[in-house]
Amino acid sequence: MKSICGKWFRQAAITAAVVLPLCGQPVFAERIKDLASIQGVRNNQLIGYGIVVGLDNTGDQTTQTPMTTQALGNMLSQMGVNLTTDQATKLQLKNVAAVLITATIPPFAKPGQPIDVTVSSMGNAKSLRGGTLVMTQLKGADGQVYAIAQGNVLVGGVGASSGGSKVTVNHLSAGRIPGGATIERSVPTGVGQGGFIYYELATTDFGTAQNVVDAVNKAMGAGTAQAVDGRRIAVRAPDDMDARVSFLGRIDNLEVNPVLGMAKVVINPRTGSVVMNQKVTLDSCAVAHGSLSVVVDAAQPLQGQGADIQVKQDNGSLMNVKAGANLASVVKALNALGANPLDLLAILQAMKAAGALRADLEVI
């Protein structure tokens, strides 16, 4: 029993010695279809102008939005109802709203296929809830009609008003019609040129492009793929369409280890958001950041006296920020400053200018 147990422990130790280094270096592989797209396979946007009817007195105030009356008059004239100019201008239609319709045709879509549409108010309608979109043509950038939209508008919000009080939940001026448009004209989509399919990476990176080439050549044979540049990869594909579809399906599901890009910190001054990737590092530096506040007290000032205005400035002491070699240590060092997000924006910019922030700083 002793020899057997000793042998088992020795084998377990050897197994752990082999497994632990592999676990210490996690590999995050992604499919090629998640990293790149095929050149020419793309969506196309559509747009149209129409009217929504059937609203519960929440439509456009036609005196302020004459386009609604004009659109309704044009629609009625096509149905044999002709209104004079004077009659059209006197229309008060609180259950009608002028809207803009947008939709997207996916690649390889064919006539008869339904697509979702988004309906957005163009005038001063209070709500599109309960309305019905009247048949509307959706056109592409070339001016051609590619789809026809019609249906009941689904609005995710609700609102009520009475006696001057108003309550609104979510947005009432826009909604969607699932499957509300039918494609009438297909968009030609070419896949490949001269026997080659071109994959385009979502982010330019020479290392990731080379990894994709290596993965394709390993699975499909040497010489199948070659990198054109840091973003585009040429893949030699079969001429037969059925074989080409199967070929692309196999390539899409090949796993590749992407190369993480440059260290970057993205800040948004409007919202105070700060986002950084795991490549960001810090060098040791000293930071002092003071805050300036203005307090105005205008509550019942004495006669002959103005409002009480005070200016306060907190002189921040000079703090030592330790160097950080990974994301966790960088976050710990920045949190030690005790700065709020807005102050952190200024601190990061100053660190970048001083050369202590080893990352590209992007302001959006």
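E200 touches L35, A36, S37, Q39, R231 and R232, leaving aside residues up to four places away in sequence. This is a predicted model. E200 belongs to strand β11, which covers residues 196-201. One of the contacts is polar: the side chain of E200 meets the side chain of Q39 at 3.5 Å. Another joins distant parts of the chain. R231 is 31 residues from E200 in sequence, yet their C-alpha atoms are 5.6 Å apart. Is E200 buried, exposed or partly exposed? With a relative accessible area of 28%, E200 is partly exposed. Buried would require under 20%, and exposed over 50%.

Stay with the stretch that holds E200. Strand β11 spans residues 196-201, and two aromatic residues, F196 and Y198, come next. A search of the whole structure finds one aromatic pair. It is formed by F196 and Y198, with ring centres 6.5 Å apart and planes at 35°, so the pair counts as tilted. The reasoning rests on the angle: planes under 30 degrees apart would be stacked, and planes over 60 would be edge-to-face. Both rings belong to residues with little accessible area by the cut-off used here. F196 has 17% relative accessibility and counts as buried. Y198 is buried too, at 18%. Why do these two count as buried? Because buried means under 20% relative accessible area.

Y198 has a further partner. R232 lies over the face of Y198, at 4.8 Å from the ring centre. R232 has already appeared, among the residues that E200 touches. So far, then, R232 links to E200 by contact and to Y198 through its ring. A second arrangement of this kind involves R185 and Y146. The charged end of R185 sits over the ring of Y146, 5.6 Å from the ring centre.

Now turn to T224. Where does T224 lie? T224 is in the loop between α5 (206-220) and β12 (225-227). A loop position does not leave T224 open here: at 12% relative accessibility, T224 counts as buried. Which residues does T224 touch, beyond those up to four places away in sequence? They are V216, N217, A234, V235, R236 and F247.

Next comes a sheet. Strands of a sheet pair through backbone hydrogen bonds, either parallel or antiparallel. Here three strands form an open sheet in the order β16-β15-β23, with mixed pairing. The edge strands are β16 and β23, each pairing on one side only. Neighbouring strands of this sheet are turned by 15° against each other on average, direction ignored.

Take the two pairings in turn. Strand β15 (residues 264-268) pairs with strand β23 (residues 360-363) in the parallel sense, over four bridges. Strand β15 pairs with strand β16 (residues 273-276) in the antiparallel sense, also over four bridges. V266 shows both sides. V266 stands opposite E362 in β23, and its bridge partner in β16 is V275. V265 stands opposite M276 in β16.

β15 and β16 also form a hairpin, with four residues between them. In the turn, G272 has a positive phi of about 75°. P269 lies in the loop between these strands as well. At 41% relative accessibility, P269 counts as partly exposed. Leaving aside residues up to four places away in sequence, P269 touches L342, L345, V363 and I364. L342 comes from far along the chain: P269 and L342 are 73 residues apart, with C-alpha atoms separated by 7.2 Å.

Which helix lies across this sheet's strands? Helix α8 (residues 341-354) lies across β15, β16 and β23, running at about 145° to β15.

Finally, the whole protein. How many helices and strands does the protein have? Its secondary structure comes to eight helices and 23 strands. Of its 364 residues, 30% are buried. Contacts often join distant positions: among contacts with a separation of 6 or more, 70% are between residues 24 or more positions apart. The pair E200 and R231 is one such case, 31 residues apart.

Terms used:
Residues are numbered from 1 along each chain as its sequence is written. This is a predicted model: local features need pLDDT of at least 70, side-chain atom pairs count only at pLDDT 80 or more; totals for chains, interfaces and linings use all residues. Side-chain values use heavy atoms; hydrogens and water are left out. Buried means under 20% relative accessible area, exposed over 50%, partly exposed in between (1.4 Å probe, protein chains only). Contact means heavy atoms within 4.5 Å. A polar contact is a pair of N or O atoms within 3.5 Å; within protein, one must be able to donate a hydrogen and the other to accept it, and residues adjacent in sequence count only if both atoms are side-chain atoms. Rings of Phe, Tyr and Trp (its six-membered ring) pair if their centres lie within 6.5 Å; planes under 30 degrees apart count as stacked, over 60 as edge-to-face and the rest as tilted. A charge sits over a ring if NZ of Lys or CZ of Arg is within 6 Å of the ring centre and within 35 degrees of the ring normal. Two strands pair if DSSP finds at least two bridges between them. Axes are lines fitted to C-alpha atoms, for helices over the stretch in contact, and angles run from 0 to 180 degrees between N-to-C directions.
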